[in-house]
Amino acid sequence: MTPNVFPKNQRDNLKNRARMLVSCPDQPGIVAAVSRFLYEHGANIVQSDQYTMDPEGGLFFIRIEFDLENLDDRREQLKTDFSVVAEQFQMKWSINRASRKKRLAIFVSKEDHALLELLWQWQAGDLEADIAMVISNHNDMRALVESFDIPYHHIPVTAETKAEAERRQLELVLGKVDAVVLARYMQIITPKFIEHFPNRIINIHHSFLPAFVGGKPYAQAYNRGVKIIGATAHYVTEELDGGPIIEQDVQRVSHRDNVDDLKRIGRHIERTVLARAVAWHVEDRVIVHGNKTVVFS
């Protein structure tokens with residue numbers, strides 16, 4: 001099977017397109033300064049989204065897509081020149097090429113629903129990323145993943161081998177992927193691993209936390225007669241399931257739904273929420289501020 005690629009006309013459209021993300025203290029003149037800078041460098045703004053937390057002393061966020069002829073040759077000089085504007089407004093910022101697809105490593109255990117959604121979207125060209133590899137602590141998904149011509153790495157994890165397993169995982173991903181996606185990977189990610197990918201590890205879990213902690217959360221939810229279930233996708237931090245939230249969704253349920261129904265509905269929400277979060281990340285639509293995110297979806 002041929003790996004996912006942009007259609008030729010889409011690749012051509014993205015060749016000279018860049019994405020700028022900016023966050024800074026809010027004050028007059030930010031949009032004017034950025035727009036003037038891009039105009040003076042011959043760039044054409046094709047999309048712009050902005051948000052302010054509080055016009056009086058809050059933070060300002062903006063995402064701009066622009067086209068610039070010969071972007072590859074001019075990007076480094078553009079970044080050097082923009083640093084002057086950035087210093088004036090105390091900006092945190094980045095400029096990324098839209099044509100450079102981010103490379104992903106997907107970690108998975110035994111449940112396939114979140115992984116499958118990502119593979120299907122990648123195959124269809126709806127996920128603007130390269131899936132560089134899948135890493136699992138089980139061998140269950142090997143045939144599935146390899147049918148997409150994606151490398152599959154089985155690294156068993158036990159309490160005794162966790163440190164060695166992490167060493168092998170890091171050896172596979174460091175310098176080779178831009179982000180890690182935990183598609184129902186049922187292992188704790190250590191601080192040592194996280195420090196290599198700050199705000200670049202995306203996890204998915206049900207939204208019962210912190211109410212129903214531990215095993216069989218859907219059985220716990222059923223026994224409590226919950227009326228809403230959902231899922232949360234977030235960046236991984238040292239605080240377990242406490243990182244900045246990227247996306248969430250919910251669905252109403254009723255007394256007519258048994259535990260298996262809740263699990264089925266929950267799987268559907270998890271797969272769509274994770275896919276949205278990953279898509280927004282690879283399209284440079286997320287700005288992290290503290291333990292929150294601004295998502296220009």
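Start by selecting helix α8, whose buried residues pack against β9, β10 (228-235) and α9 (259-282). You are looking at a predicted model.

**Stop 1: helix α8**

Helix α8 spans residues 217-224. Which of its residues are buried? Show the side chains of Pro217, Tyr218 and Ala221. These three cover an arc of only 95° around the axis, so they sit on the same side of α8. A general rule helps here: an α-helix has 3.6 residues a turn, so residues three or four places apart point the same way. Now step just past the end of α8. Glycine 225 is there, with a positive phi of about 70°.

**Stop 2: the sheet**

Next, select the strands of the open sheet. There are 7 strands, and their order is β7-β6-β5-β8-β9-β10-β11. The pairing is mixed. In general, strands of a sheet pair through backbone hydrogen bonds, either parallel or antiparallel.

Which strands stand at the edges? Colour β7 (152-154) and β11 (245-252). Each has a single partner strand, so one side of each is left without a neighbour in the sheet. Turn the view to follow the twist, which averages 20° from one strand to the next.

Zoom in on β8 and strand β9 (residues 201-206). They pair in the parallel sense over 3 bridges. Find valine 181, then look across to isoleucine 202 in β9, which stands opposite.

Now add helix α4, residues 113-124. Helix α4 packs on the sheet and touches β5, β6 (129-136) and β8. The direction of α4 makes about 155° with that of β6.

**Stop 3: the nonpolar cores**

Stay with α4 and select leucine 115. Leaving aside its neighbours within four places in sequence, leucine 115 is in contact with Ile106, Val108, Val134, Met141, Leu144, Val145 and Ala183.

Leucine 115 also belongs to the largest nonpolar core, which has 44 residues. Which members touch the most other members? Select Leu115, Leu118, Leu127, Leu274 and Val278. The elements that give two or more residues to this core are β5, α4, β6, β8, β9, α8, β10 and α9. Highlight α9: its 11 residues are the largest share of the core.

Another core lies apart from this one. The second core has 23 residues, including Ala33, Leu71, Leu78 and Met91.

**Stop 4: the aromatic rings**

Last, look at the rings. How many aromatic pairs does a search of the whole structure find? The search finds 6.

Select phenylalanine 107 and tyrosine 185. Their ring centres are 5.3 Å apart, with 90° between the planes, and the pair is edge-to-face. Phenylalanine 107 lies in strand β5 (residues 102-108), while tyrosine 185 lies in the loop between β8 (179-182) and α7 (191-194). The pair therefore ties together parts that are 78 residues apart in sequence.

Are these two residues buried or exposed? Phenylalanine 107 is buried, at a relative accessible area of 0%. Tyrosine 185 counts as buried too, at 7% relative accessibility.

Move on to phenylalanine 193 and phenylalanine 197. Their ring centres are 5.8 Å apart and their planes are at 25°, so this pair is stacked. Phenylalanine 193 counts as buried at 1% relative accessibility, and phenylalanine 197 counts as buried at 2%.

Finish by showing Phe107, Tyr185, Phe193 and Phe197 together. Ring pairs link them into a cluster.

Notes: Residues are numbered from 1 along each chain as its sequence is written. This is a predicted model: local features need pLDDT of at least 70, side-chain atom pairs count only at pLDDT 80 or more; totals for chains, interfaces and linings use all residues. Side-chain values use heavy atoms; hydrogens and water are left out. Rings of Phe, Tyr and Trp (its six-membered ring) pair if their centres lie within 6.5 Å; planes under 30 degrees apart count as stacked, over 60 as edge-to-face and the rest as tilted. Helices (H or I, at least four residues) and strands (E, at least two) are DSSP runs, numbered from the N terminus. Buried means under 20% relative accessible area, exposed over 50%, partly exposed in between (1.4 Å probe, protein chains only). Two strands pair if DSSP finds at least two bridges between them. Axes are lines fitted to C-alpha atoms, for helices over the stretch in contact, and angles run from 0 to 180 degrees between N-to-C directions. Contact means heavy atoms within 4.5 Å. The arc is that of the directions from the helix axis to the C-beta atoms. A nonpolar core is a set of buried Ala, Val, Leu, Ile, Met, Phe, Trp, Tyr and Cys residues joined through side-chain atoms within 4.5 Å.
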